[in-house]
Amino acid sequence: MSEELTMPRLSDTMEQGTIGRWLKREGESFHEGDVIAEIETDKATMDFQAYEDGTMLRILVGDGESAALGAPIAIIGAEGEEVPADAPAAASANGGGRDNGAAEPAPAAEPEAEAKEEAPVATVTEEAPSDGGGLRASPIARRMADAGGLDLRTLAGKGTGPDGRIVKADVEKALAGGVTPAPAAPAAAQAAPPPPGEGDDVRELTPMLKAVARRMAESKATVPHFYVSSEIDMTRALELRAELNEALADSGEKVSVNDLIVRACAQALVQHPQAHRSYVDGHHVYHSHVHVGIAVALDDGLIVPVLRDADTKGVRRLAAETRDLVKRARDGKLRQSEIEGATFTVSNMGMFDVAAFSAIINPPESTILAVSSTVERAVVRDGAVVPRKIMSVTLSCDHRACSGADGARLLQTVKRHLEAPTLLLA
């Protein structure tokens, strides 16, 4: 018997999904576990697998179109089965969630009599806030406030009417107690960004880029960042890496600089639980597992796959898992469980010849390490000038979870382990 296939929840923050492409077309059969579509979420492109055998009877949301969670996106059924007559048509199957730029169909006109009966003109006029800020007040309360020179914003949250609405009695009481001067006018409104110029290419953000933009803006606005920077002598770590890769040459495996950094961070996080906790709803959450996220730049986006229990794994295993995660991240083949739950993140831009940078924390994590390029520099060692390979790093910390000393101690341990890299093999 036919049934509607609905937009699944593929990430914890997903509100709608976009059909990247259907891998089964109308009339094609599939088996349980077959990938029938690729769905773009706010975090990645995910495979959508069939949960039972069936046939694609009708596609309701096409390639590149979006639908809200739970909205029907296709009709599936048995081979040879007809689409029910009452099944939704493709053109109207977005459940209100379509976001493909197509114009929405105009609503049918309501019968005049019904429109007159339902049009709540008076109610709308009464409830609509005149200040544009969501302040609810009765018309008479607004008139009395205007006449008395009272700024209604001074009564925000003090209304005694239904749902906190400001009523006549509230204004009378305020006027009796003396008028509070109106708040100073806000500074000049921020200038609107200039409109696109001729020839500019304006593109819609993908769900992933929208999520990155929203989360990073929220983080910068709400998380009190502070930064601790240091320089690490990577000379011995690079020598160790060369030795490891020479020893692994026959196996085809390789260890990267980032693998050594992840290993050092995982070890340091175990030693410094004060820097491995999150601020959540007025509490400190001490993480019992070290899950290290590794920021991976995509052609058009950013994703952070997670190395779970990184402190329990040696450099070789971390390298193998990282290679697998990065490849599947770039192929859009990561599972939801592989991109959530990080307790710390490493963002490495050393390959881009970056002198230094600071990264934005991804809440609820409280720390993120920004890694810059390693450069050869003349430094003084034991009274002599010698060439050494120096790497700049900056640790961003949430001051609600970490003190400056917490962050400094963590970074100091990371530095010590990379400058004495045999510790990474412990």
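Start by selecting L260, I261, A264, C265, Q267, A268, L269 and Q271 in helix α7, then add L410, T413, V414, R416, H417 and L418 in helix α9: this is where α7 and α9 meet. Color them by type and you'll get nine nonpolar, four polar and one charged. Keep in mind as you click around that this is a predicted model.

Now show both helices in full: α7 is residues 257-271 and α9 is residues 404-419. How do their axes cross? They come within 8 Å and cross at roughly 135°. That angle is why α7 counts as oblique to α9. The crossing of α7 past α9 is right-handed.

Next stop: a six-stranded sheet. This open sheet runs in the order β9-β18-β17-β16-β12-β15, and its pairing is mixed. Select β9 (225-233) and β15 (306-307) to see the edges; each has a single partner strand, so one side of each has no neighbour in the sheet.

Stay in that sheet and pick β16 (residues 344-348) and β17 (residues 367-381). These two run parallel and are joined by four bridges. Which residue does N348 stand opposite? Click on V371 in β17.

Last, hop over to an open sheet of four strands, ordered β1-β8-β6-β3, where the pairing is antiparallel. Its edge strands are β1 (3-6) and β3 (29-30), and each of them pairs on one side only. Then select β6 (residues 54-59) with β8 (residues 72-77): they pair in the antiparallel sense over four bridges. To finish, zoom in on R58, which has I75 of β8 opposite.

Key
Residues are numbered from 1 along each chain as its sequence is written. This is a predicted model: local features need pLDDT of at least 70, side-chain atom pairs count only at pLDDT 80 or more; totals for chains, interfaces and linings use all residues. Side-chain values use heavy atoms; hydrogens and water are left out. Axes are lines fitted to C-alpha atoms, for helices over the stretch in contact, and angles run from 0 to 180 degrees between N-to-C directions. Angles under 35 degrees count as roughly parallel, over 145 as roughly antiparallel, 65 to 115 as roughly perpendicular and the rest as oblique. A crossing is left-handed if the near helix is turned anticlockwise from the far one by less than a right angle, and right-handed if clockwise. Contact means heavy atoms within 4.5 Å. Ala, Val, Leu, Ile, Met, Phe, Trp, Tyr, Cys and Pro count as nonpolar, Asp, Glu, Lys and Arg as charged, and the others, Gly among them, as polar. Two strands pair if DSSP finds at least two bridges between them.
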